[in-house]
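This report describes how the interior of one protein chain is put together. It begins with a single residue and its contacts, then widens to cores, strands and the chain as a whole.

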Amino acid sequence: MDSISLSSLSSLTTHQKSSLEKGGYINLSNLLLNTSSDISRTTRIAPLEVTRILEAACREHAVPINKIKDLPMEGEEKFTTGDAELDSMLDGGIRTGMLWEVVGESAAGKTQLALQLSLFVQLPSRLGGVLGSAFYLTIASQLQTTRMEQILNTHPLLSPSLCSFANIQHASVPTIDKLIFVLSKSLPQYISANNQNSSSRPLKLIVIDAIAELFHTSKRTTTQFLVERSRRLSEIGMLLHSLASKHQIAVLVLNEVSDTIHRDTAPLDSGQIGYKDQFRWFGRADSVLGEDRKEATLGLVWSNQLNVRIFLSRTGRRRYLEESEHSRKIQKSASATSSNISVGDQQPVLIRRLTVVFSSVCDPASCDYVVTAQGISVVPGSTVLLTARPAVSTATPPRTTHDSMSPHGDFTQMQEAQLAPLDIGHIVDSTVIDSRYSTPDNEPGDDEWDAFWERNALPECVFEEAVNLTESS
């Protein structure tokens, strides 16, 4: 609309165009974004005539109204996540034509999910795929091909004959301008050229890993910065929706979290909803006690761009899975590593939490999941529908006969610290866990930051010298 000049409008007279030009109104957007009184004051045109001008301009460039039955069906294609229970939570898997977000803290499994989806989108329809290809955009990291190859070689649905790295394109977009250029220019050109090549697979998945890194700043956050961030996020969201809708592509955006800060705000008028209450429903997960301590970054402006928000949480919990809870994938991974380990000697598994915060295609739900060599796998039977936010219960469930060991300290405090009800009776002393040997289910090295600080801990003498310097000064 910015490019539509008022001089090109056939519904306006020459005198009207001249008067509008003298008032500073050159194109249609300038005209429509001002009030009738402002236009009348700056152009000296009578208010009634200004109304006629606006009506004539709107009629000339009005978008025709289409019936729903005449609109093309969008988002009917789906491809599997590689886990049947997660597919069921998402109403059949990842649907194309939509903007999906996976948000979570470091080492929660965001990239794991993005990598495995880049492979599963390539599967034929008989295995739950759409015979498509993927385009993986990274902001500050590199594409983890080693981990992707591990998933490819270990997951029972995948094989090198069905999936190939040749069907995954990669580009680095370290700045906002480069991302916008790729989304507005490079990707449309690539899709057009790819569609003309009969031997190429259609693009069905775009991954952005991770969008919040574009807006990291060491400067003080000002109102001007937030306004500009909102403008750029809206521009990025518009481009992503355009690609998703026009070409029937599933867009997956990874995002980061920040700590939830509860602020005292001024009382609102009746019927108004404050930011804190809005973000409680759209920016956080709250399926278990303590899960709402983190919230998605980039605010409500970005939240309004999304069709689906999936929240991944690191719970810090471990549990022994019952024999009935072991899916074939977990059993196969464990047996491939150590076939001599019996059920009684199996290692406790690190548990994470996945919550569908909101979605336009499925009900909000939550489940526990583990990360194995084969990717993300939902713990069977852990899925819970979230029709309403659960009330926090402080009652202590009864102990079961298969407790792994007695926790140290007060049991109620331990229960609250572990957060999720599925682990009651399966609490394990973390000091004992550290002394056990590693297995695929223990996921050695997954908690990168803990391992980093263990390797790079400063010696005590450094702190003693710092104290001495402080005292001497």
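In this predicted model, W100 is in contact, leaving aside its neighbours within four places in sequence, with L90, G93, I94, R95, V251, L252, V253, V308, I310 and V361. W100 also belongs to the largest nonpolar core, a set of 47 residues in which W100, L205, L252 and L354 touch the most other members. Helix α6, which spans residues 110-120, gives the most to this core, with six residues. A second, separate core has 38 residues, among them I191, V253, V257 and L298. V253, one of the contacts of W100, is thus listed in that second core. In soluble globular proteins, nonpolar side chains tend to be buried together.

Helix α6 itself is mostly covered, since 10 of its 11 residues are buried. Those buried residues are K110, Q112, L113, A114, L115, Q116, L117, S118, L119 and F120, a list that includes the polar or charged side chains of K110, Q112, Q116 and S118.

The loop between β3 (99-104) and α6 contains A108. Is A108 buried or exposed? With a relative accessible area of 0%, A108 falls under the 20% cut-off and is therefore buried. Apart from its neighbours within four places in sequence, A108 is in contact with L312, S313, R314, R352 and Y369. A108 and L354 are separated by 246 residues in sequence, yet their C-alpha atoms are 9.3 Å apart in space.

Strand β4 (residues 133-138) is likewise mostly covered, with six of its six residues buried. In a regular strand the side chains alternate between the two faces of the sheet. In β4, S133, F135 and L137 point one way while A134, Y136 and T138 point the other way, and all of them are buried. The pairings of β4 with two other strands are set out below.

| Strand paired with β4 | Bridges and direction | Example of bridge partners |
|---|---|---|
| β6 (residues 203-209) | Six bridges, parallel | Y136 in β4 with V207 in β6 |
| β5 (residues 168-172) | Five bridges, parallel | F135 in β4 with Q169 in β5 |

The connection to β5 can be described further, because β4, helix α7 (residues 145-154) and β5 make a right-handed β-α-β unit.

The cysteines offer a separate point. How many disulfides does a search of the whole structure find? The search finds zero disulfides. A disulfide is a covalent bond between the sulfur atoms of two cysteines. Two of the cysteine positions can be described by their exposure: C58 is partly exposed, with a relative accessible area of 39%, whereas C163 is buried, with a relative accessible area of 2%.

Turning to the chain as a whole, the protein chain holds 16 helices and 14 strands, and 44% of its 473 residues count as buried. Among contacts in the protein chain between residues at least 6 apart in sequence, 72% join residues at least 24 apart, and the contact of A108 with Y369 is one that links distant parts of the sequence. The accessible surface of the protein chain comes to about 25,400 Å², and carbon and sulfur atoms account for 53% of that area.

Notes: Residues numbered from 1 in each chain as written. Predicted model: local features only at pLDDT ≥ 70, side-chain atom pairs only at ≥ 80, totals over all residues. Heavy atoms only, no water. Disulfide = S-S within 2.5 Å. Buried < 20%, exposed > 50% of the residue type's maximum accessible area, 1.4 Å probe, protein only. Core = buried A, V, L, I, M, F, W, Y, C linked by side-chain atoms within 4.5 Å. Helix = DSSP H or I, 4+ residues; strand = E, 2+ residues; numbered from the N terminus. Contact = heavy atoms within 4.5 Å. Pairing = 2+ DSSP bridges. Areas by Shrake-Rupley, 256 points an atom, 1.4 Å probe, with all protein chains shown as cover.
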